[in-house]
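Colleague: I would love a close look at one part of this model, the packing of its helices, together with the loops around them. Please take me through it at your own pace.

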Amino acid sequence: MLEFAGFDQGAGLRQVAAQNAPHLLSVVQHGDRTAEMCLLWQVCSELHSTGTTLGILDTTATETHESPGLQDMLDGAYRPQASGTGRGLGNRLWAVIPAANGMRSLIHAVNEPHLGTNRSRHTTAAQTLNHLFHGFSTLVVYADAETLAESLHLGQSSTVVALSPDMTSLLSAYKSLKQMANGGALQAVSIITVSPPASPLYLAHKIAKSLQKCTMNFLKCGVQHYNTSTHFDAEQPSDGVRRLVLNVLDNAASLRHIPSHIS
């Protein structure tokens, strides 16, 4: 089994038992970059305004010497602070952590065969992230469907999808949810429609209803739509985003309760 610098399997599991685990919110990267960036900014802004210590793992960004990230954390060379000293927009600060290489390392570790007979259980990706982010209240993971399904076993986490009111966005979102459902039951999916300024509200509702119908009929998974659409040019979180964040804070599973992966 792959072990990460700075702690062994037993130490990591002891940390899980001893400390409050961050809550996990997964934002699906399905190809609608504009809508996803708008939603991420508004969700993180609203979480931050509640006093939540917030970390964001961005698996679309690669770790570099100038911008250390998850891989450096796994190597024991970097630890983000949970005190709000990260990056943000304006005076809203949170820790944004590049995670492309690090998440691949986590997936490899989860899927790696046993080495020896004295280890009956892998340290899961969720357990490792719990150890690394034990000072944070909420961990937001922005990643594609394959990464989320393989590394975090999404059945018990809160999953959020951003949509634009057009068919391309609908199809890519449904394809991602289907891919995730193939890896295990989805239990808590939320969608927010992100509309261009001139787009009428009924289009946002129509695209959301279509995704809800397809997901229920073919994936047997209910999807909550937060009816007030947010907008590309909005400076403040919409009412829908506020309701979404309140629901996440009330119901999101902690990393401690993401199912273990047993071989």
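Modeller: Let me begin with a yardstick: a residue is buried under 20% relative accessible area, exposed over 50% and partly exposed in between, using a 1.4 Å probe and protein chains only. By that yardstick K220 is exposed, because its relative accessible area is 65%.

Do keep in mind that this is a predicted model, in which local features need pLDDT of at least 70 and side-chain atom pairs count only at pLDDT 80 or more, while totals for chains, interfaces and linings use all residues. Residues are numbered from 1 along each chain as its sequence is written, and side-chain values use heavy atoms, with hydrogens and water left out.

For orientation, the protein has 9 helices and 9 strands (DSSP runs numbered from the N terminus: helices are H or I of at least four residues, strands E of at least two). Of its 263 residues, 51% count as buried. The chain also folds back on itself over long stretches of sequence: among contacts between residues at least 6 apart in sequence, 81% join residues at least 24 apart. Here contact means heavy atoms within 4.5 Å.

Now to the pair I would look at first. Helix α7 spans residues 167-182 and helix α8 residues 201-219, and their axes come within 10 Å and cross at roughly 25°. The axes are lines fitted to C-alpha atoms over the stretch in contact, with angles from 0 to 180 degrees between N-to-C directions. At that angle α7 is roughly parallel to α8, since angles under 35 degrees count as roughly parallel, over 145 as roughly antiparallel, 65 to 115 as roughly perpendicular and the rest as oblique. The two helices make a right-handed crossing, which means the near helix is turned clockwise from the far one by less than a right angle; an anticlockwise turn would be left-handed.

On the α7 side, the contact is made by M167, L170, A173, Y174, L177, K178 and A181; on the α8 side, I207, S210, L211, C214, T215, F218 and L219 meet them. Sorted by class, this contact has 11 nonpolar, 2 polar and 1 charged residues (Ala, Val, Leu, Ile, Met, Phe, Trp, Tyr, Cys and Pro are nonpolar, Asp, Glu, Lys and Arg charged, the others, Gly among them, polar). For background, an α-helix has 3.6 residues a turn, so residues three or four places apart point the same way.

Two loops adjoin this pair. K220, our exposed residue, lies in the loop between α8 and β8, a strand at 223-225. K220 is not a glycine, yet its phi is positive, at about 55°. The other loop joins α7 to β7 (189-195) and holds A188, which is partly exposed because its relative accessibility is 32%. Although A188 and T159 are 29 residues apart in sequence, their C-alpha atoms are 6.1 Å apart.

A second helix pair is worth setting beside that one. The axes of α2 (residues 33-49) and α9 (residues 239-251) come within 9 Å, crossing at roughly 60°. That angle makes α2 oblique to α9, and the crossing of this pair is right-handed as well. L39, Q42, V43, E46 and L47 from α2 meet V241, R242, L244, V245 and L249 from α9. This contact divides into 7 nonpolar, 1 polar and 2 charged residues.

Helix α5, residues 125-132, is mostly covered, with 8 of its 8 residues buried. Q127, T128, N130 and H131 are among those buried residues.

Finally, have a look at two alanines in separate loops. A99 sits between β4 (92-98) and α4 (100-111), and A99 is buried because its relative accessibility is 0%. Beyond its neighbours within four places in sequence, A99 contacts L57, D58, T59, A61, E63 and L70. A61 belongs to the loop between β2 (54-58) and α3 (70-74) and, with a relative accessible area of 22%, is partly exposed. With residues up to four places away in sequence left out, A61 touches P98, A99 and A100. A61 and N101 are 40 residues apart along the chain, with their C-alpha atoms 8.8 Å apart.
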